[in-house]
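Welcome! Have the sequence and the 3D view ready, and let us walk through them together.

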Amino acid sequence: MKSFNQLIEELKKLKSGLFAKDFLLTWDKTEDELRQTLLVAEALKHLRDQNISAKVFDSGLAISNFRDNSTRTRFSFASACNLLGLEVQDLDETKSQIAHGETVRETANMISFLTDIIGIRDDMFLGEGNTYMKEVGDALDDGFRHGVLPQRPGIVNLQCDIDHPTQSMADLLHLVNYYGGLENLKGKKIAMTWAYSPSYGKPLSVPQGIIGLMTRFGMEVDLAYPEGYTLIPEVVEMAGKQAAVSGGKFRVVNSMDEAFKNADIVYPKSWAPFAVMQRRTDLLKKSDKEGLKSLEQECLANNARFKDWECTEEKMKLTKGGKALYMHCLPADISDISCKEGEVAASVFERYRIETYKEAGYKPYVIAAMILNNKFGNTAEVLEGLYKAGKKRVM
Amino acid sequence: MKSFNQLIEELKKLKSGLFAKDFLLTWDKTEDELRQTLLVAEALKHLRDQNISAKVFDSGLAISNFRDNSTRTRFSFASACNLLGLEVQDLDETKSQIAHGETVRETANMISFLTDIIGIRDDMFLGEGNTYMKEVGDALDDGFRHGVLPQRPGIVNLQCDIDHPTQSMADLLHLVNYYGGLENLKGKKIAMTWAYSPSYGKPLSVPQGIIGLMTRFGMEVDLAYPEGYTLIPEVVEMAGKQAAVSGGKFRVVNSMDEAFKNADIVYPKSWAPFAVMQRRTDLLKKSDKEGLKSLEQECLANNARFKDWECTEEKMKLTKGGKALYMHCLPADISDISCKEGEVAASVFERYRIETYKEAGYKPYVIAAMILNNKFGNTAEVLEGLYKAGKKRVM
Amino acid sequence: MKSFNQLIEELKKLKSGLFAKDFLLTWDKTEDELRQTLLVAEALKHLRDQNISAKVFDSGLAISNFRDNSTRTRFSFASACNLLGLEVQDLDETKSQIAHGETVRETANMISFLTDIIGIRDDMFLGEGNTYMKEVGDALDDGFRHGVLPQRPGIVNLQCDIDHPTQSMADLLHLVNYYGGLENLKGKKIAMTWAYSPSYGKPLSVPQGIIGLMTRFGMEVDLAYPEGYTLIPEVVEMAGKQAAVSGGKFRVVNSMDEAFKNADIVYPKSWAPFAVMQRRTDLLKKSDKEGLKSLEQECLANNARFKDWECTEEKMKLTKGGKALYMHCLPADISDISCKEGEVAASVFERYRIETYKEAGYKPYVIAAMILNNKFGNTAEVLEGLYKAGKKRVM
C-alpha cells in the first residue's frame, strides 16, 4: 500500500476535470479522472485509519434519493458524507409532495438551497434512471445560473439503469490493492459472467459497470451469459472499443466454463435479460400487475434452464491455478445458504467471503472521493491540508 | 441589498421580545420582532454566501414533527438547523409509541431532554393544529419549570390550520429584496386571490398568513374569492384592523379581475372554503370515509364552477403595467403542465418561475432566524461574533 | 449532587473492563462497571448543564436498529450520540435489502465500515433479541479481526427479550439522585409488581431488568404477580442469588398488597406471562394470525381477572409512610386517562408524574456513558479533558 505522500505526489501529476462535474458514468471520465478518484479514496482511507479528521465541511446537507431499496450503498453514502462533514437528509418520495404533481425541475431546486451533494439511486426502469439524474442536473444548472442556488450541488450516481459507478470503482480499488497497483491489472483476465438465481429482474448496471470500467485498463474481459441474456447493446459495443484502446481484450461468450478458463478474477452474478427489462419497464409504467406476474413466471422458468451457471468448486478449478479471485457486489445468492440453488456454491463463497467484504469496504471512500473531487478543484492540496492539520477524528 | 454591517446596525436599534418565545403566529409578534426576523435571516444568508460558518450550536437536537406531507418545508427546516449546528431528528408518529396512548404532554417532554428546537407542521384539522402547538409549548413550560428539561426547546410553526409564518415571512423577505426595502412596500397593492384547482381540501393557512402579515406594512391588500370560499372570520377581521393601523388598506372582493386591477403583486392560490374545512375536520375526526368521499365530490363539483379563476395572461394585463409580480408558495397547479386546468397559465408561471424559486429560497434563512432569535437574546452580537470569527463553512 | 471533581475522583478508583465490551446485560457487568456507568452519566450531565461540549467524536456514525416501536429510547439514543458527536443513521429493515436474504453476519459488516456504535432494540421474540445482538457482535468481531472493519463498533442493548439495561440503569440513577447516593439504597424496599393493563404482550425485559439490577445493591426486592405471570425462570433465580451476595433480599409474592407493604419504592407495570410469550413467539414465527388473535383474546380475558392489581391511593397507603416513590418506564396505562382501567390511578400518577419524567431524563446520559465507556479506556481522563477544554455547547 502506498504512503500518504506517495498518493499526494501521484495526484498532483494528474489532469482532471472532475471539479463541479456530476459523476454519472465511468466512461464519461478520462483515465486520469478515474485514477484521481482511486487515489483520493485511498488518501481518505489513510486519514481515517490514522484517526485524522477529513471534515472539510463545517455544515451543509447531502441528500440521498433512493428510488429503490438499498442497505450497503445507503450506509456507504451516509458514511462518506459524515466523514466529510455533510449531514444526510433523505428525500423520501412517499413523505414528500412529489407525488402531488411537482416537476423534477422544481423539486431539485427546492431541496438544494443549502445542499452540497445529491446521491441518487434509480435503477428500476430501463431508459429512465440515468435520464432522471441528468434531468436533476439540468434543473440544478438552471437554478444555479439564475441565482436561485448559492452553490451547484454535485450529483453522484448511486446506481442507475446503465451504470453503477460507486460499485465498479470500489471493485476496481479492491483489485488495485489486491494486485498491488493499477498497472498490475494489465493482462489480467476477468470473467464477468451471468449466474443462476431464483429471483428475477436484477438490474443490468453491475455487469455493465464492470465491462465498462475494466476494459479501460488493459484487462482481458470476458462477458459470459446464456443465449438471450444480453446487456444494453451500446454498452457492450463501447466495452469492445475501450478494450482495443487500452490494449486489453473484450469478448462475449455463451459459456461460463469458457469465461472461467484461465481467469484471474471471476464475477458471477445474475441479471435479467435486456429484452425482459424492456418489457418489464413497459409493464411497470403501465402498472400492469397481471403482465408483471406472468413475465416473472416466464422469466423464472427460463432462468431455471441455466441452473448449471453456478460458481462451483468444479468451475473454480478451471481458473488460473484454480485460484481466481471471486468477486461480488453482495448480497450473493449462495446455494444452500440464502437459497436452494444460486449464483455460487457455499464453500466457494465462504473462502472469499472476507475478500468480498473488503471489496464492499472501499465504497464509502470511493463515494467520499467523488464528493471531494466534485466540490474542490485542488483535492491534493485539500488532503495535504487535512493531513498537516492532523485534527483527531476521535479524541 | 444591504451590507452585513448595515443589517447589524439596524438590528441593534430594534426592541424585541423574541427570546425564548415560540413563533406560532406573525400577528402575535410586534413590527420590530418581524423586522428582526427579516434582518437576522438576511444576515445569515450573508454569512453563508461569504462561506462563513453560522454554527452556534456545537451539538443539540432539532425535532421535526410533520403531521402532514412536506418537501420544501422539511428541507428548509433541515437546512436551517444544519446551518446553525443542530441535528434533525424526525418524530415519526408511525414509528413511535404515540399511537399507543401517550399524551402530548408526556411525549413533548420525552423527546426534549437534549433538544433545542421543535418544528411542527399540523394543518389538517381546523381548530387543531395551532392548539396542538400550544399544548406542546405548555408541556415544555411545565417540564422546564419542574427541572425535567435543562432547557426549554423553542417551537417554530411550520404550518398550522391558522397561519404559515415561515412561508409568509419568506414571501415578505422576497418582496423586501424585490422592491429594495420594507419601506418600499408601503402603498403597494397585493392581490391574494383564490384560484381554481382540480384538487380540494387545500389548507387556509397560506392566504390567512398573507393577509395577516402584509396588512402590517401599509400595503393595499385585496382578498378575493368566489362567494362562499371564506377564510376563518377572525383572521379576516384582524387583517382589516391591522391595515387600518399600518396605514394600508384591506378589502374582500368576489372577483379575481377586481383584485388584479392595478395590482403590484398577485398571489393566486387555491384553498377550500372555511365551511368545507369545518365539515372535513368533523368527518376526519370520525374517520367517516364515505362522508369524506362525498364531500370531496361535492366540493370538486363546486370548484368546477370557478375554472375561470385562473391567473392567465389576460388577467395579468389588468395588473399595474401588466407586470405585477406573480407569487406562489409552490407547488402551483399549472394549467397544461401539472393538470389540465389549474391556478395559473403555463406561460405566466414560466415567466415568474425563477422568482418563485427565489421566494422559496428565503425559507431556510427565515427558519434559521426564528431559531436564532428564540435561543439567543442578543442576536446582533451573536451574528457579529460569527462574522469576526470568520470560520469557513467549506474548507 | 456530587461535584464534577468528586465524580472524576470516584471514577479513578474503579476497576473496569467496559472498554471495547458490548453492554447487553447488567448482570454481565461487575459492580464497579455499573458504578462507572452511573458516574460517567452524571459527569456528562454536569458538562451539558454547564454548557460544555462533550463532543469526543469529530465524525462517525451511530446506527440505530429498532426492530420494535420506540419513542423515548429512540430519542434518548439520538440525544446521546449527538452529545458525543456521532450522527445517527437508522437501519430501517423495510427500506433495506435485509428481507432479500442477507445474513446478519454480512449486514452487520456492511453497515459498519465507518461506524462507532450500534444500538439495537429487539424485544418481540422470546429467545431471539439477545441472541440476535450477540450474533451481530460475533459478526463484528469477525470483520474486525479480518481487517474488514477499521474499528469494532460497540453494541448497546436498547431492550431485548431478557433485559432493558438503559432503562434499568436510568431508573437506578434516578434512585441514586432521589436518595442522595448509591450507598443509601441499601435496605430500601422496592416492589416490582405486575399491574393490570387492557393491552397484552408487553415484554418482560423491564421487570427482569429491575430485579436483575436492584438486587445488586443490597436492596430488598419484592417481585409480585398474579399466579402464572412468571418471568424467565433463570433471571428470577439469578436475582435471588445476587440479593444474597449483596446483602439484600429477594422474594416472589402473589399479592400486590404484600409487595407494597412498607415499600420505599413501587414499580407497578404490566407484562405478559412467560408462558404466553413463549406461545406468542412460536405463533409469530409461524405468522399464525388466527392463533395470535385467539391467544390475545385468551390472555386479555385472563388479565381481566386481575383488574384489582392497580396502583391506587389505597394501595399506596400500604407503603412506607404512605409515601413510596412511584416509578414507571412510561408510557403508563393510567386509569381514566389512557384507558378505562389500568396500571395506576390518575391521582397517584399525577403526583409522581414529574418524578417519572426525571427518571426518563437520565436515559440519554446513561446511553452516552455506555458509549463513552465502550470507546475509551480512560473515561476519567477524557471527561477531565472536556472539562478543562471548556468548549461551549451553545455559543
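Which residue follows α5(B), and what is the sign of its phi? The residue is Gly147(B), and its phi is positive, near 80°. Please keep in mind that this is a predicted model, in which local features need pLDDT of at least 70, side-chain atom pairs count only at pLDDT 80 or more, and totals for chains, interfaces and linings use all residues. Residues are numbered from 1 along each chain as its sequence is written, while chains are lettered from A and ligands numbered from 1 in the order in which they are written.

**A helix in chain B**

- Helix α5 of chain B covers residues 129–145 (helices are DSSP runs of H or I with at least four residues, strands are runs of E with at least two, and both are numbered from the N terminus).
- From first C-alpha to last, the 17 residues of α5(B) reach 24 Å, close to the 24 Å expected at 1.5 Å a residue (the expected span is 1.5 Å times one less than the number of residues).
- Among the buried residues of α5(B) are Met133(B), Val136(B), Gly137(B) and Leu140(B) (buried means that 20 or more other C-beta atoms, placed from the backbone, lie within 10 Å of the residue's own).
- The buried residues of α5(B) pack against α4, β3 and β4 of chain B, together with α13 of chain C.

**Two domains in chain A**

- Chain A is divided into domain 1 (4–163 + 363–389) and domain 2 (167–360), with bounds from an automatic or database domain assignment.
- The centres of these two domains, taken over C-alpha atoms, are separated by 26 Å.
- Their contact takes 21 residues from domain 1 and 23 residues from domain 2 (residues are in contact if their C-beta atoms, placed from the backbone, lie within 7 Å).
- On the domain 1 side, α2(A) gives the most, with 6 residues.

**How the chains meet**

- Chain B superposes on chain A by a rotation of 120° with 0.0 Å of shift along the axis, at RMSD 0.0 Å (a least-squares fit on C-alpha atoms of residues with pLDDT of at least 70 in both).
- The two copies are thus related as by a three-fold rotation axis.
- Within chain B, Glu87(B) comes closest to that axis, its C-alpha lying at 4.7 Å.
- Only 3% of the interface residues of chain B are also interface residues in chain A, so the copies meet through different surfaces.
- Chain C and chain A touch through 27 residues from chain C and 30 residues from chain A.
- On the chain C side of this contact, α4(C) gives the most, with 4 residues.

Conventions: Two residues are in contact if their C-beta atoms, placed from the backbone, lie within 7 Å. A residue is buried if 20 or more other C-beta atoms lie within 10 Å of its own, exposed if 12 or fewer, and partly exposed in between; C-beta atoms are placed from the backbone.
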